[in-house]
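Please read this briefing alongside the sequence and the three-dimensional view. The points are grouped by topic, and the terms are explained where they first appear.

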2 protein chains.
Amino acid sequence: MGAPLLRGLSREERARVLKAAASRRLRSGEALFHQDDPANALHLVLEGRIRLTQVTAEGREVIVRLAGPGAVFAAIAVLEGTTYPFDATATQASRLQSWERGVLRELFRHIPRLEQNVTAIVASHSREMLDRLRELSTEPVPQRLVRTLLRLAESDGRPQAEGVLVDGITRLELAELSGTTLFSVSRLLSEWQAQRLVQCGRGRVLIRDRRGLERLRRVPPGSAPRDPTAV
Amino acid sequence: MGAPLLRGLSREERARVLKAAASRRLRSGEALFHQDDPANALHLVLEGRIRLTQVTAEGREVIVRLAGPGAVFAAIAVLEGTTYPFDATATQASRLQSWERGVLRELFRHIPRLEQNVTAIVASHSREMLDRLRELSTEPVPQRLVRTLLRLAESDGRPQAEGVLVDGITRLELAELSGTTLFSVSRLLSEWQAQRLVQCGRGRVLIRDRRGLERLRRVPPGSAPRDPTAV
DNA sequence: CGGCCAGTTGACGTCTTTCAACTTTGGTGG
DNA sequence: CCACCAAAGTTGAAAGACGTCAACTGGCCG
């Protein structure tokens, strides 16, 4: 599976690490933990998808990340030994491996590379959050949605004849990943479909013209062919 | 100074840690490093203030964090050993201590508590970023500005007779911390000043009524005394 | 076959930004 | 010590982007 967690470990080391984990299955919709629960374990997704969300006081959700096969979550929380900073819920039937704090530290002592990997994972999540922060602060909705789609295509997309398919994701989830509403997502996707950039259906978006979408990103404002007579 | 980095260390341990650091002074406006520079060192602010920013392709800035006395930055980057994820620039004359990667690891080996502290710092920054992410996604500008002000009051504010003073910060910086524009910040502060919630001047905001501001946060919409005749 | 959930679309309002003009403040050099 | 200048801040007007609400459609599963 090429999980970044196990990158660079020997066959024996991998076996040892995997043997130390607890296995767990979740049904679609089942919660693994909630925000502010004590953080017992670091989790690796083997199969399925886990949605990590923060919920506002008013009940509006923000998706922090969608963790698919190979993804790790709750790394910092478990190292620090405090509480989880978000809810974790399966959006599909899923299989996980989980390492408790003590077990993980023990493994680190024998397999330094594992600790390196966890550090690298924490760093990459942190960079991704910085990127999203910047995007939310400075970019308009269409650009943010494009970024969300391309990010999903990168991490979870399935190559197809016509393009890259991103599926198992609703308009609402796309909105909560992009910091906008269900309605804006629907409108934008309809528009892009008319331009043949994407092809979409219930729970799925097929990216047909990646370049076209990326181009959208850099031409945000009323930049329809500008009239040069309007000095 | 009660820096979280040194929390829980004995006098001897502190001395050892501080002796291993390189000292550095920065003039106001001077850059310490730029985004994508190789991350050599973890930095602790002794005096002054360091502004950590990401710059967009279009040249718009986002402030990731303002690091004042006692604050640490670039912790993850240096542990991972890659590159800095933001620019660091002094907004005032500043004094820093910096630990190179190898030095830091060596210290960790002898003083495990130091590593714990760094982990806790990384975790708290990560939590703060999650909070800001949620706020940017779901809250309107006035609420975000209130949060920014209260956060600054918490970390950098100086208690005064009339309230808590946050100074050395421009409207533009407040805007870049809140994900809005200079103009919106100016308008909102004027309005709040008229309501006696704050008192502001060039580069300074005095928070006179913390409770009043917090109350603002939970009453977002056009909830001025609503006219009940307009069913 | 019915109901439900996901999605679509239009109308409408408003929050925010943008742009331009103007004022205030504080530091510096004469 | 004063005058001047640049930087910081204010304010109004206008446009536009997005969100909200409501009504409607279409596909899927039981």
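**Strand 12 of chain B and its neighbours**

Along strand 12 of chain B (residues 204-207), the side chains of B:Val205 and B:Ile207 point to one face and are buried, while those of B:Arg204 and B:Leu206 point to the other face and are not. Buried means that 20 or more other C-beta atoms, placed from the backbone, lie within 10 Å of the residue's own, whereas 12 or fewer make a residue exposed and values in between partly exposed. Strands (E, at least two residues) and helices (H or I, at least four) are DSSP runs numbered from the N terminus. This is a predicted model, in which local features need pLDDT of at least 70 and side-chain atom pairs count only at pLDDT 80 or more, while totals for chains, interfaces and linings use all residues. Residues are numbered from 1 along each chain as its sequence is written, and chains are lettered from A and ligands numbered from 1 in the order in which they are written.

**Pairing in chain B**

- Strand 10 (residues 164-167) of chain B runs antiparallel to strand 12 of chain B and is joined to it by 4 bridges; strands count as paired if DSSP finds at least two bridges between them.
- In that strand 12, B:Ile207 is the residue that stands opposite B:Val164.
- Strand 11 (residues 198-201) of chain B is also antiparallel to strand 12 of chain B, with 4 bridges between them, and B:Cys200 has B:Val205 as its bridge partner.
- The hairpin of strands 11 and 12 of chain B has 2 residues between the strands, and B:Gly203 there takes a positive phi near 70°.

**The sheet and its helices in chain A**

- Chain A contains 8 helices and 12 strands, and buried residues make up 38% of its 231 residues.
- An open sheet of 4 strands in chain A follows the order 9-10-12-11 with antiparallel pairing, and its edge strands, strand 9 (158-159) and strand 11 (198-201), each pair on one side only.
- Strand 9 and strand 10 (residues 164-167) of chain A are antiparallel and joined by 2 bridges, with A:Pro159 standing opposite A:Val164.
- Helix 5 of chain A packs on the sheet, where it touches strand 10 and strand 12 (204-207) of chain A, and its direction makes about 95° with that of strand 10; such angles run from 0 to 180 degrees between N-to-C directions, with axes fitted as lines to C-alpha atoms, for helices over the stretch in contact.
- Helix 7 of chain A also packs on the sheet, touching strand 11 and strand 12 of chain A at about 130° to the direction of strand 11; residues are in contact if their C-beta atoms, placed from the backbone, lie within 7 Å.

**Relation of the two chains**

- A turn of 180° with a shift of 0.0 Å along the axis lays chain A on chain B with an RMSD of 0.1 Å, which is the relation of a two-fold axis; the superposition is by least squares on C-alpha atoms of residues with pLDDT of at least 70 in both copies.

**Surfaces near the DNA**

- Around DNA strand C there are 23 residues, of which A:Thr170, A:Ser186, A:Ser190, B:Pro140 and B:Ser184 come nearest; a residue is near if its C-beta atom, placed from the backbone, lies within 6 Å.
- Helix 7 of chain A gives the largest share of the surface near DNA strand C, 6 residues.
- Around DNA strand D there are 22 residues, with A:Pro140, A:Ser184, B:Thr170, B:Ser186 and B:Ser190 nearest.
- Helix 7 of chain B gives the largest share of the surface near DNA strand D, 6 residues.

Note on methods. Two residues are in contact if their C-beta atoms, placed from the backbone, lie within 7 Å.
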